[in-house]
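Visitor: I should like to go through a model with you. Could you show it first?

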Amino acid sequence: MKKRGWLEDDTTITTVLMADICRQAAEKAGVSQEAKHMLKAFSFVLETAAVDPLLESFNKTATAKLDSLVDATKLKLSQTIESTTKHLDAVSLKYSELTISASEAVAALKAAPVHRLYSQALASNACTKLSQSLILDNVKAINIVNARERLVLFNTPSAVAKERGIYTRDDINAYKDTLNVALEKLTDGASKKRIVGLCIIRTGMLLELDSAESARWLKENNRCAEMVKKAYISREEETKVIPRAHELMVRFIPVDFDPHEEESLHSVELENGLPPHSIISASWIKDPSRRYEGQGYANVKINCASPKVANHMILGPTRIGNHSVKVQKEHRIVPICAKCSRHDHFLAACKVERFTCRFCAQEHSSRDCPDKTQTKCTPCGSSRHSSGDERCIESKSRQDRQAEHAPETRSKFFFTKDRWTYNESVNAP
Ligand SMILES: [Zn+2]
Ligand SMILES: [Zn+2]
Ligand SMILES: [Zn+2]
């Protein structure tokens, strides 16, 4: 490396380097005070000359960069603000719409009587099928409802109960006369309350009174028992009016529900806004001991006090124990004789000597069946189901024939004076 006196050959001469050399020279021994000052001053001038343009250009670039960064950020920010504002506007608009429509819906629900909602539902396609199956003229339906209000059912007085359950027309007329005499005594002859019809059915003695008002009167204040006592001087069991059953099948109830607890029934009433004591009783449809392991839900039969309550539950939404449940009218399975497993009569009137098992159709009592899985149906002969099963064609055809005489079985609801329970083409009052 050749030295050019005070500089190496290949050294690039820069202001910074010159300033350095000046400063180093100023430190050297033997340099006069004046020369030192000059050299220091010169190195200062050189350093400043070297740094200022650098700083300046750096400043310029940095400022420009910063400016563009700030501008970009500003733009981004304003864009974000704009789109957020738009979103917020949209959200608040939607929210206000929702609030309005929700409150409108609630108001509409509160204002609309159930039957109006139902007739609206009927207008929709989903219900076309239902409406087609609900053809019954108002007059007939009202007649059915009115006739029902004239009925009084109570346990058959032991004085008239026959072992075989066969009553002649004369028997029936005699009971009617006797009871009418007792009824007259009960009213002191003041009002004309009459029994116009009487029959004995499986569950008891059924009276038809001259009016709904008479029937109501007889059902109140234990008057029915009083009348029977006057008629037959009966000693044994007390006569009790049997309320009309409005049976519902409720599906998918959690198994921790206890249908036999008064408390549970009360909570169902509360949960569904039903009046207190509107549910008379409830029971599991299938024996809980026959559940499979880990079963979480089962079906319950519920008996309602009034058709209105029953319809309310069918219409839904009905909840039990915080679960949505499906409610329908209990399928009226055509009953079979407990002894011979055939239709048309009950145990009391059965004429055969031997039992026929309802499960396997063998000659033993259903209670003693050794294998309930070997099904055989006595009425139709099928081995795919046991006697009295709802799949039985025999039962079905009987049910259809029954429906001809009892149009209510064709309706999803119990008939009431509300026309929507049997006729869709009626407007709400
Ligand atoms: Zn029988
Ligand atoms: Zn059997
Ligand atoms: Zn069958």
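Visitor: Are Cys360 and His364 buried or exposed?
Guide: Both Cys360 and His364 are buried, where buried means under 20% relative accessible area, exposed over 50% and partly exposed in between, with a 1.4 Å probe and protein chains only. This is a predicted model, in which local features need pLDDT of at least 70 and side-chain atom pairs count only at pLDDT 80 or more, while totals for chains, interfaces and linings use all residues. Residues are numbered from 1 along each chain as its sequence is written, chains are lettered from A and ligands numbered from 1 in the order in which they are written, and side-chain values use heavy atoms, with hydrogens and water left out.

Visitor: Which atoms are the protein donors of the zinc ion (ligand 2)?
Guide: Cys357 (SG), Cys360 (SG), His364 (NE2) and Cys369 (SG) are the protein donors, lying 2.1 to 2.4 Å from the zinc ion (ligand 2). Donors are N, O and S atoms within 2.8 Å of the metal (3.2 Å for Na, K and Ca); water is not among the atoms, so sites may look incomplete. Along the sequence, the spacing of these donor residues is C-x2-C-x3-H-x4-C.

Visitor: What is the geometry of that site, that of the zinc ion (ligand 2)?
Guide: The site of the zinc ion (ligand 2) is tetrahedral, with angles of 102 to 117° among its four donor atoms. Four donors count as tetrahedral if all angles lie between 85 and 135 degrees.

Visitor: And what are the protein donors of the zinc ion (ligand 1)?
Guide: For the zinc ion (ligand 1) they are Cys337 (SG), Cys340 (SG), His345 (NE2) and Cys350 (SG), at 2.1 to 2.4 Å. The site of ligand 1 is tetrahedral, its four donor atoms making angles of 103 to 118°. The spacing along the chain is C-x2-C-x4-H-x4-C.

Visitor: Where do Cys340 and Cys350 lie?
Guide: Each lies in the loop between β10 and α11 (393-405), so the pair ties together parts that are ten residues apart in sequence. Cys340 and Cys350 are both buried. Helices (H or I, at least four residues) and strands (E, at least two) are DSSP runs, numbered from the N terminus.

Visitor: Changing topic: which residues touch the most other members of the largest nonpolar core?
Guide: Leu248, Ile253, Ile302, Met313 and Ile320 do, in a core of 24 residues. A nonpolar core is a set of buried Ala, Val, Leu, Ile, Met, Phe, Trp, Tyr and Cys residues joined through side-chain atoms within 4.5 Å. At least two of its residues come from each of β6 (246-254), α9 (262-271), β7 (279-284), β8 (297-304), α10 (307-315) and β10 (323-329).

Visitor: How do β6 and β8 pair? What stands opposite Leu248?
Guide: The two strands β6 and β8 pair in the antiparallel sense over seven bridges, and two strands pair if DSSP finds at least two bridges between them. Ile302 in β8 stands opposite Leu248. Ile302 is also the bridge partner of Ala282, and β7 and β8 run antiparallel, joined by five bridges.

Visitor: Where is Lys162, and what does it touch?
Guide: Lys162 is in the loop between β3 and α6. Not counting residues up to four places away in sequence, Lys162 touches Tyr167, Asp171 and Tyr175, where contact means heavy atoms within 4.5 Å. Lys162 is partly exposed, with a relative accessible area of 36%.

Visitor: How far apart are Lys162 and Ala349?
Guide: They are 187 residues apart in sequence and 9.8 Å apart in space, C-alpha to C-alpha.

Conventions: Four donors count as tetrahedral if all angles lie between 85 and 135 degrees; four count as square planar and six as octahedral if opposite donors are over 155 degrees apart and all others between 65 and 115; anything else is irregular.
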